[in-house]
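User: Hi! Could you walk me through this one? I have a few quick questions.

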Amino acid sequence: MAFWTQEFMAKRRENWLNSLVKFEYQADGSWHEATINSKKINGTQLELVISLPRTSAGTQTITAIRVIDVSGKQCGYSTTSVKRAVNQGVLAKFEFPIYEKEGEE
């Protein structure tokens, strides 16, 4: 049996979702702002879809993605290695589960 009410957890997910306001990606050594295409709560998960606009005419290597919160601070970071061709776009989907895990001691 869960300790937290469903209503409370739903509100916490909404707070988390609203606090994630910017994604940035590193391409060829420089940071660039991504575009948040959608943000939603799906069950116990936050789902965000972002697009990474082109910053040069040639090929690029995307090496990291970070999330910025409402206070302007980095709250999440991940390295990656995505090589994109001249005419290739990039979409990324993030799923962050937020739920109460029962039975841990």
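User: Which strands does helix α1 lie across?
Analyst: Happy to help! In this predicted model, helix α1, residues 6-19, lies across β1 and β5 (60-69). The helix runs at about 45 degrees to β1.

User: What's the strand order in the sheet?
Analyst: The order is β2-β1-β5-β6, an open sheet of 4 strands with antiparallel pairing. Because β2 (30-33) and β6 each have a single partner strand, they stand at the edges, and one side of each is left without a neighbour in the sheet. On average, neighbouring strands here are turned by 25 degrees against each other, direction ignored.

User: How many bridges join β1 to β2?
Analyst: Strand β1 (residues 20-27) and β2 run antiparallel and are joined by 4 bridges. As for individual residues, E24 has E33 in β2 as its bridge partner.

User: Switching topic: where is R84, and is it buried or exposed?
Analyst: R84 belongs to strand β6, which covers residues 74-84. R84 is buried, yet has no salt bridge.

User: Which side chain of opposite charge is nearest to R84?
Analyst: That would be D28, 7.9 Å away, and a salt bridge needs the atoms within 4 Å.

User: OK, what backbone oxygens lie by the polar atoms of its side chain, then?
Analyst: There are two to look at. The backbone oxygen of L52 lies 2.7 Å from a polar atom of the R84 side chain, and the backbone oxygen of P53 lies 3.1 Å from one.

User: And what else is R84 in contact with?
Analyst: Leaving aside neighbours within four places in sequence, R84 has contacts including Y25, R54, T59, Q60, I62, G89 and V90.

Terms used. Residues are numbered from 1 along each chain as its sequence is written. This is a predicted model: local features need pLDDT of at least 70, side-chain atom pairs count only at pLDDT 80 or more; totals for chains, interfaces and linings use all residues. Side-chain values use heavy atoms; hydrogens and water are left out. Helices (H or I, at least four residues) and strands (E, at least two) are DSSP runs, numbered from the N terminus. Buried means under 20% relative accessible area, exposed over 50%, partly exposed in between (1.4 Å probe, protein chains only). Lys and Arg count as positive and Asp and Glu as negative; His and the chain ends are not counted. A polar contact is a pair of N or O atoms within 3.5 Å; within protein, one must be able to donate a hydrogen and the other to accept it, and residues adjacent in sequence count only if both atoms are side-chain atoms. Contact means heavy atoms within 4.5 Å. Two strands pair if DSSP finds at least two bridges between them. Axes are lines fitted to C-alpha atoms, for helices over the stretch in contact, and angles run from 0 to 180 degrees between N-to-C directions.
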